[in-house]
Amino acid sequence: MPTASETGWVRCLRLLAVAGDYPVRPRELLDEEDHEAFLRRLHAVCHQVLDGFPDRVRAADRLARTVACHAVLPVARLTALLDAHSEELAARPTTKRRWTEAMEDFVDEMAYGPDGSRPVGEGGEPWEDELGDRLRRALGGGRPSVDLRAAAARLAALVEHLAFYEPELWLLLGEWSQVPSGTGTALDGLPEALSSSPDSLPCTSDAARTVAGRPARELGRPLVAGVEAASGDTPGSAPVVIPRLDTGYVDPAARWAVLHDDAVPYAEAWWATQSADVPVGLRLAAHFSGVAALHVPLLVLGHPGVGKSLLTRVTMARLPADDFLPVRVELRSVAADAPVQRQIEEALEQLLGERVGWPDLVRGAPGRIPVVLLDGFDELLQAAETEYWDYLQEVADFQAREMAAGRPLAVVVTSRTVVMHRVRVPDCTRALCLEPFGERHRRRWLEVWNAANRGYFTSSGLRPLDPAVLDDRLELAAQPLLLLLLALYDSVDNGLARAQESRASGAELFERLLLGFLRRQVRKRHARDPGPSVVDREAEQEMARLGVVALAMFTRGQQSVGAEQVASDARALLGVDAGWADDRAFGRFFFIHEAQARVRGRNRRTYEFLHATFNEYLVARTIWRALRTAAQPPGPEGWRAPLPVGPLSFAQLTDRAQVLERLAEMGAAADPAESWAPADTIPRLLGEALNGALPPADPAYEPKPVPPLTRLAHYTSNLVLLHTMWFPGVSVSKLLGTRDAPAAWHRLSGLWESQLDAEEWDDLTRHLVVDRTWYARPETPDEPVRDLRLRWAAHGEPAGLGAAGPDWFAQEPGHTGTIRDGLARRAAFRCSLDQQLLLRGDGAMPYRAGRVWEAGAERVGVSTRSGDPSERMVASLVALLTPGHPGAQQDSTALHTACLQALGTAAPSRSTQDLVTWAVAAALVRDLPWLETREACARISETVQWGDRLRVGEEVLHTLSSAVHELRRRADVSRQEAAHLDALAKRLPRTAGRTPEEQPRQIPSFRSRNQ
């Protein structure tokens, strides 16, 4: 059995000739001393092998056919060379061994062009000249390059002849146009591309027959189980139909990659550079027809709800039953800490009701290649609280062991994309990344949906779901499960279409969407119609329960939580655990995804929403409703909404921009008669908190350990954010109830800066703008006093001082003028990095409080032409990082050089060296897209040299490494520049394969993070 990399013609010729009736064996052939006789006999044996290929594949089982197809292509390439260029090949190097080795390497290279993308066979392609030159060098001598057009044409004819008997050869060659691709529904192209063995052997054991017969039943099951009863609310109408897998599963687009050391499979940006132009059914067919499938696993990656598990179910059903034995293993249902074989056997025991050994099962299905589908690897990582760094390597080792035992198998592993940085991927692993639905997929899905529910629409007097209705909801409609939720919502009174006509906001749509689903769930629980009031009340209680789930994730800064955590939060916020202590409670909502792993006999489960927008909306809704009812007594039966104090004191709203967006929509849509509620409630809650009334919530509520002062900072800053968002232009004196607004604001903002982490503090200053202003007290109208007004920052708005003039600052006690020493002393005392950089650089830069000039580096009040090297360094650096500057490549390059030179002259501390050099390197990465290649090479080289001289830290080197690798991929890099970049790359560490936390920091900038 050849491995995925063994394609040498000697090896392949031996595999094909071993069972043939040939007058000369390959071993005897290679012992031939006379070179011309060797070529003649080799030529004859190659033709005999190719002539015998049709009979060989017709009589072979799946494994033998796979090996034969894999081996025949190198022999065909060698035969084409011998047919077209026998004279050139007769030129013998020093020894036959060298000739054989050279020809092995060259025949392997014939499979693809220099870019590794196109097979030989079309003739006249530009790469043939380069391969011809390689052939001349391989053969030795000083003759001109060999013209391979004749060999390419001959190879095309040979492949076409061989593929007539075995069409799967087109899959191995990547000639997708030659393979039937199906309709794009339920992977119907997969069985069309994989031809079944003509004389398959029957299964010889009951277990094997049961396992082999189970996949065929999958296609008759609905797309999603358990939602039929949640549809068809109109009395007397036909029921809403959930399409079956065989008609309703629309093949997704998928990107394909062979993973090596430099792959970054957890990064969407990396996947965006991979190929996505081949139907997923053909990709799967090519994989299962190749030898690589028997040596390394196939990864199927994607986001929650994109259809990874459905793909395994449909794949299992579509693989030809005479050639493959699919076994699907839900990793959530087997022991997470068990070896791979034990996990498979445990899944078989659950299916069959008896223990069956893996070797016994395989022996009971002769002539078939087992395909094990390990579904939900990410669930092991999420729920098991254990690292599985080597799990994929264990899978590959299991394949190698089974190969050695004569039981080769293919393995498919599904996982979420974002967890792939937590596992080691074996080299040459194949991977598919499923893409969200595009327009073509949505339209195809809606065609199936509307056709399946034609009777329901007619009897209910409703319109079919129009694709245009989804144009405003593409974020949800891109995921198949959420698209189904939208379709179910529209199936009641065309709710989605009406929402579009009324221009409903995202918050309004989610309210209708979720409440509609929950009302149907409530009716489902009652034997008789309970009436609208009961339905509405119980649906609202379900929404409150879901809000607790969302808050549990939000306050912990996680995308998933456990049932125990949700139950604990519910007891603190609602007074009861709301049923969340029972894991079955989550099963009521198909838009909540359960991750499960069984470790040491105990099931561990975590839960998350299929899409982050559900979480963000429910967090916003819970906060909004809690603020509206904060001063009201408990409702009927003691039910009360969760108070906002707890959640708002454990997390920062600016961490989730969509939460703020939904809250803004709710405020805009609020009834004007009720607008007084948050306007009066927030200042009251803020005053109570600042006067020591925090926390009024149940002390049992503590989703994570947070110091009291940090809770106070979160809580007060979130309240100020919300009040400013809903009531822009609010004065600090009114909001805080103070007569000295600057002093009160200074104390409050100081609390925030000291307690929030650097990212939270930075986000807060990006969202809020503080304008200096004046106001006149009623008792002293002729003596205006200083005040501050808060407003929401416009997109990309730089920090400013508002309309205040020098008089506003002159009233600050102790600040009658610009006192350099006092400012520097106070900045040093507070250990404020921001202030020290602006005021003092590394501690020696003199501060000059100049006016804020409009252009270039002078925005910071210092000059790049200053005589002080520290001042020049900071001025050049700030100019380099300021948005809108540099405006041209020449300015950027000059600032880049000036900053490095000033850094070398100033001789600052080691930490400042690292910080400044890293910032310069990050600016270089930012500027790469518009820099010419020559200029970019020069800047990278200069920065690397300064980095060597200053002995900068690892983070600087990783940032430079990413710039080198990005530039190296450019098409216009000259040979000399490429060699120079390769030399630089060897001096720098690799960035590929690092976790997101380990990746170089993003470039600092004064622009908004959303920009």
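**Entry 1: a pair of facing residues.** I began with Pro-326 and looked for its partner, and I found that Pro-326 stands opposite Val-371 in strand 4. I note here that I am reading a predicted model. I then turned to the strands themselves, and found that strand 3 and strand 4 pair in the parallel sense over seven bridges. I reminded myself that strands of a sheet pair through backbone hydrogen bonds, either parallel or antiparallel.

**Entry 2: strand 3 and its surroundings.** Is strand 3 largely enclosed or left open? I looked up the burial of its residues, counting a residue as buried when its relative accessible area is under 20%. Six of the seven residues of strand 3 turned out to be buried, so I wrote down that the rest of the structure largely encloses this strand. For the protein as a whole, I noted that 53% of the 1011 residues count as buried.

**Entry 3: the sheet.** I followed the pairing from strand to strand and arrived at an open sheet of six strands, in the order 1-6-2-5-4-3, with mixed pairing. Strand 1 (254-259) and strand 3 (324-330) are the edge strands, each of them pairing on one side only. I also looked up how neighbouring strands of this sheet are turned against each other, and the average, with direction ignored, is 20°.

**Entry 4: strands 2 and 6, and two helices.** I found that strand 2 (residues 298-302) pairs with strand 6 (residues 429-434) in the parallel sense, over four bridges. Within this part I looked up Leu-299, whose bridge partner in strand 6 is Ala-431. Next I asked what packs on the sheet, and found that helix 19 (residues 391-404) does so, touching strand 2, strand 4 and strand 5, with its direction at about 170° to that of strand 5. Helix 14 (residues 280-288) lies across strands including strand 1, strand 2 and strand 3, and runs at about 165° to strand 6.

**Entry 5: cavities.** How many cavities of 30 Å³ or more are there? I counted five, and the largest has a volume of about 120 Å³. Its lining is made by 13 residues, and Leu-223, Tyr-249, Leu-310, Trp-445 and Pro-480 lie nearest the centre of this cavity. Sorting the lining of the largest cavity by class, I obtained twelve nonpolar residues, one polar residue and no charged ones. Helix 23 (residues 480-490) gives the most to this lining, with three residues.

**Entry 6: the whole protein.** Finally I recorded that the secondary structure comes to 44 helices and eleven strands.

Methods
Residues are numbered from 1 along each chain as its sequence is written. This is a predicted model: local features need pLDDT of at least 70, side-chain atom pairs count only at pLDDT 80 or more; totals for chains, interfaces and linings use all residues. Side-chain values use heavy atoms; hydrogens and water are left out. On a 1 Å grid over the protein atoms alone, a cavity is a set of points where a 1.4 Å probe fits but cannot get out, and a pocket is an open set with protein on both sides within 12 Å along at least five of seven lines; lining residues have an atom within 4 Å of a point. Grid points are joined across faces, edges and corners, and a volume is the space filled by probe spheres set on the points. Ala, Val, Leu, Ile, Met, Phe, Trp, Tyr, Cys and Pro count as nonpolar, Asp, Glu, Lys and Arg as charged, and the others, Gly among them, as polar. Two strands pair if DSSP finds at least two bridges between them. Axes are lines fitted to C-alpha atoms, for helices over the stretch in contact, and angles run from 0 to 180 degrees between N-to-C directions. Contact means heavy atoms within 4.5 Å. Buried means under 20% relative accessible area, exposed over 50%, partly exposed in between (1.4 Å probe, protein chains only).
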